[in-house]
Amino acid sequence: MQEIANNIFAETGFRGCNVGFIVTEEGVVMIDTPQLPVDAIKWRDEIAKHGEVRYLINTEPHGDHFSGNHFFEGAIVAHEGTRTAIISASVDNFIQGLQQKSTESLSLVDGFEFRPPTVTFNDRLTLSLGDHIINLINMPGHTAYQVAVVIPDNKVVFTSDNIFYKVQAWLHGALPFKWLDSLKQLMELDADVLVPGHGAICDRSYIPEMSSFIQKWIDVVTTAIQQGLSMEEAQDTISLLKYYPMDKGSEPMGEQVQRMNVARLYHVLQTSTSR
Ligand SMILES: [Zn+2]
């Protein structure tokens, strides 16, 4: 765990997404939860040293960000679309997945439920706790429901999966052109420290590289469509795996992620008549 600014902590070592928390005069505000129950328990013990959890923010609708909600207190805050995803997530699939990913977690899932958000928003929401102002801003990209958590006084932003720092990006629910716009918006924030959804903590100097990678995906799939390739042919031909490794723990999914990314972009680019 790193203290990335005064009273703001982040952990990049768990399998799944990066997680963090902010210690305020009025309790702890968490950002996302560890995916594996064994890690969630460790994280809960760490956070307990800093106070009671007041709010828990889920930055997006993917399971690696919200599966750990079960193990924490506090009101859960997220985009409306993330609430919809959490309500429809399958507990059976989650527990089956643990049989491959984390057998030591299986003893921790008796009575497991996904805790859905009780506070939702669409565009923006501000949390005020003591002297701390925390701005939640919808920035569509990796999905429509991405939320950036901005702590302006500390110049820290938790970007969600709109930034994958030097690991493969998942585009299976992406809005690629809005993603590029959101990266521009992140670039314009007055921030010194960025906590990406996956990969090491970084700063704004990485944003152009992230934008180039999204643009590269748009370009290779556009070319495939222009050459008349079917979606399956494009999936068989296109891989950007050589540019970055998969994030820790997800290495066996590399090929599958490439195919999912191609399928998504093929669909989006084929049906978009314009930006
Ligand atoms: Zn995600």
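Where is the place of Asp32? Asp32 sits in the loop that links strand S4 (27-31) to helix H1 (37-48), and this account returns to that residue after a look at the whole fold. The model is a predicted one, in which local features need pLDDT of at least 70, side-chain atom pairs count only at pLDDT 80 or more, and totals for chains, interfaces and linings use all residues. Residue numbers start from 1 along each chain as its sequence is written.

The protein has eight helices and 12 strands; these are DSSP runs numbered from the N terminus, with helices (H or I) of at least four residues and strands (E) of at least two. The C-alpha atoms fill a box of roughly 60 × 45 × 30 Å along the principal axes. For 275 residues, a compact globule would have a radius of gyration near 19 Å, and the 18 Å of the protein agrees with that. Here the radius of gyration is taken over C-alpha atoms, and the globule rule is 2.2 Å times the number of residues to the power 0.38. Of the 275 residues, 38% count as buried. A residue is called buried if 20 or more other C-beta atoms lie within 10 Å of its own, exposed if 12 or fewer do, and partly exposed in between, with C-beta atoms placed from the backbone. Among contacts between residues at least 6 apart in sequence, 65% join residues at least 24 apart; a contact requires C-beta atoms, placed from the backbone, to lie within 7 Å.

Helix H6 (residues 207-226) offers a good place to begin with helix packing. Its axis and that of helix H5 (residues 176-188) come within 10 Å and cross at roughly 170°. Axes are lines fitted to C-alpha atoms, for helices over the stretch in contact, and angles run from 0 to 180 degrees between N-to-C directions. H5 and H6 are therefore roughly antiparallel to each other. On the H5 side the contact is made by Pro176, Trp179, Leu180, Leu183, Leu186 and Met187, and on the H6 side by Ile207, Met210, Ser211, Ile214, Gln215, Trp217 and Ile218. By class, these residues divide into 11 nonpolar, two polar and no charged. In this scheme Ala, Val, Leu, Ile, Met, Phe, Trp, Tyr, Cys and Pro are nonpolar, Asp, Glu, Lys and Arg are charged, and the others, Gly among them, are polar.

H6 also meets helix H8 (residues 254-271), with axes that come within 9 Å and cross at roughly 70°. H6 and H8 are therefore roughly perpendicular to each other; angles under 35 degrees count as roughly parallel, over 145 as roughly antiparallel, 65 to 115 as roughly perpendicular and the rest as oblique. Trp217, Ile218, Val221, Thr222 and Ile225 of H6 make this contact with Asn261, Val262, Leu265, Tyr266, Leu269 and Gln270 of H8. The contact of H6 with H8 holds eight nonpolar, three polar and no charged residues.

Individual positions on and around these helices add detail. Lys216, in helix H6, counts as exposed because it has 12 C-beta neighbours inside 10 Å. Its C-alpha atom is separated by 8.8 Å from that of Leu240, 24 residues away along the chain. Gln185 belongs to helix H5 and, with 14 C-beta neighbours inside 10 Å, counts as partly exposed. Tyr206 lies in the loop between strand S12 (193-198) and H6 and is partly exposed, with 18 C-beta neighbours inside 10 Å. Leaving aside residues up to four places away in sequence, Tyr206 touches Ile163 and Tyr165.

Back to Asp32, then. With 30 C-beta neighbours inside 10 Å, Asp32 counts as buried. Most residues other than glycine have a negative phi, yet Asp32 has a positive phi of about 60° although it is not a glycine. Lys166, in the loop between strand S11 (156-164) and H5, also is not a glycine and has a positive phi of about 55°; Lys166 is partly exposed, with 17 other C-beta atoms within 10 Å. Asp32 is one of the residues touched by Cys17, which also touches Asp64, His65, Gly197 and His198, not counting residues up to four places away in sequence. Cys17 is found in the loop between strand S2 (8-11) and strand S3 (19-24) and is buried, with 28 other C-beta atoms within 10 Å.

Methods
Two residues are in contact if their C-beta atoms, placed from the backbone, lie within 7 Å.
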